[in-house]
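Biologist: I am new to this structure and would like a close look at one part of it. Could you walk me through the loop that you find most worth a visit, and then show me how the surroundings fit in?

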Amino acid sequence: MALSDLSLRNAKPRDKAYKLYDEAGLFIQVTPAGGKWWRFKYRFDGDASLG
């Protein structure tokens, strides 16, 4: 499922940080302070990395 504008706007802070994913490795991390950080999880030569 793709991340939609509406789902990102409605993402509220919780006690712990959490992630909202799409199907291709892109995700947004929502922090307890309310920050929203874009991340991309990928593999290079068999190693998982966060970009």
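Modeller: Gladly! Let us start at D22, which sits in the loop between β1 (18-21) and β2 (26-30). Please keep in mind that this is a predicted model.

D22 counts as buried because its relative accessible area is 18%, and the cut-off for buried is under 20%. Although buried, D22 has no salt bridge. The nearest side chain of opposite charge belongs to K41, and that is 12 Å away. A salt bridge would need the nitrogen and the carboxyl oxygen to be within 4 Å, so K41 does not qualify as a partner for D22.

What does the side chain of D22 reach instead? Look at the backbone of its own loop. A polar atom of the D22 side chain lies 3.0 Å from the backbone nitrogen of A24. The D22 side chain also reaches the backbone nitrogen of G25, here at 3.3 Å. One more distance helps to place D22 in the chain: its C-alpha atom is 9.3 Å from that of S4, with the two positions 18 residues apart along the chain.

Now follow the loop to G25, which is also placed between β1 and β2. G25 is buried, since its relative accessible area is 19% and buried means under 20%. Setting aside neighbours within four places in sequence, G25 is in contact with R39, F40 and K41. K41 thus turns up twice on our tour: as a residue in contact with G25, and as the owner of the nearest side chain of opposite charge to D22. Two C-alpha distances extend the view from G25. Y42, 17 residues from G25 along the chain, has its C-alpha atom 6.5 Å from that of G25. For R43, 18 residues from G25 along the chain, the C-alpha separation is 9.7 Å.

Those distances lead us to strand β3 (36-44). R43 lies in this strand, and with a relative accessible area of 63% R43 is exposed. F44 is found in β3 too, and F44 counts as exposed at 62% relative accessibility. Together with F40 and Y42, F44 forms a nonpolar patch on the surface. The accessible area of F40, Y42 and F44 together is about 340 Å². Notice that F40, one of the residues in contact with G25, is a member of this patch.

Another residue of strand β3 is W37. W37 is partly exposed, with a relative accessible area of 47%. If we do not count residues up to four places away in sequence, W37 touches F27, I28, Q29 and T31. For F27, 10 residues from W37 along the chain, the C-alpha separation is 8.4 Å.

T31, one of the residues that W37 touches, belongs to the loop between β2 and β3. At 17% relative accessibility, T31 counts as buried. Apart from neighbours within four places in sequence, T31 is in contact with P13, A17 and W37.

For a contrast with D22, turn to D5. D5 does form a salt bridge, and its partner is R9. The closest N and O atoms of D5 and R9 are 2.7 Å apart. Both residues lie in helix α1 (residues 5-9), four residues apart, about one turn of the helix. D5 is partly exposed at 48% relative accessibility, while R9 is exposed at 57%. A search of the whole structure finds one salt bridge.

Finally, let us step back to the protein chain as a whole. The protein chain has one helix and four strands, arranged along the sequence as α-β-β-β-β. Of its 51 residues, 18% count as buried, and D22, G25 and T31 are among the buried ones. The accessible surface of the protein chain comes to about 4,100 Å², with 55% of that belonging to carbon and sulfur atoms. Among contacts with a separation of 6 or more, 9% join residues 24 or more positions apart.

To return to your loop: D22 is buried without a salt bridge, and its side chain reaches the backbone nitrogens of A24 and G25.

Key:
Residues numbered from 1 in each chain as written. Predicted model: local features only at pLDDT ≥ 70, side-chain atom pairs only at ≥ 80, totals over all residues. Heavy atoms only, no water. Helix = DSSP H or I, 4+ residues; strand = E, 2+ residues; numbered from the N terminus. Buried < 20%, exposed > 50% of the residue type's maximum accessible area, 1.4 Å probe, protein only. Lys, Arg positive; Asp, Glu negative; His and termini not counted. Polar contact = N/O pair within 3.5 Å; in protein donor to acceptor, adjacent residues only side chain to side chain. Contact = heavy atoms within 4.5 Å. Patch = residues over 30% accessible without salt bridge, like charges linked within 9 Å, V, L, I, M, F, W, Y side chains within 5 Å. Areas by Shrake-Rupley, 256 points an atom, 1.4 Å probe, with all protein chains shown as cover.
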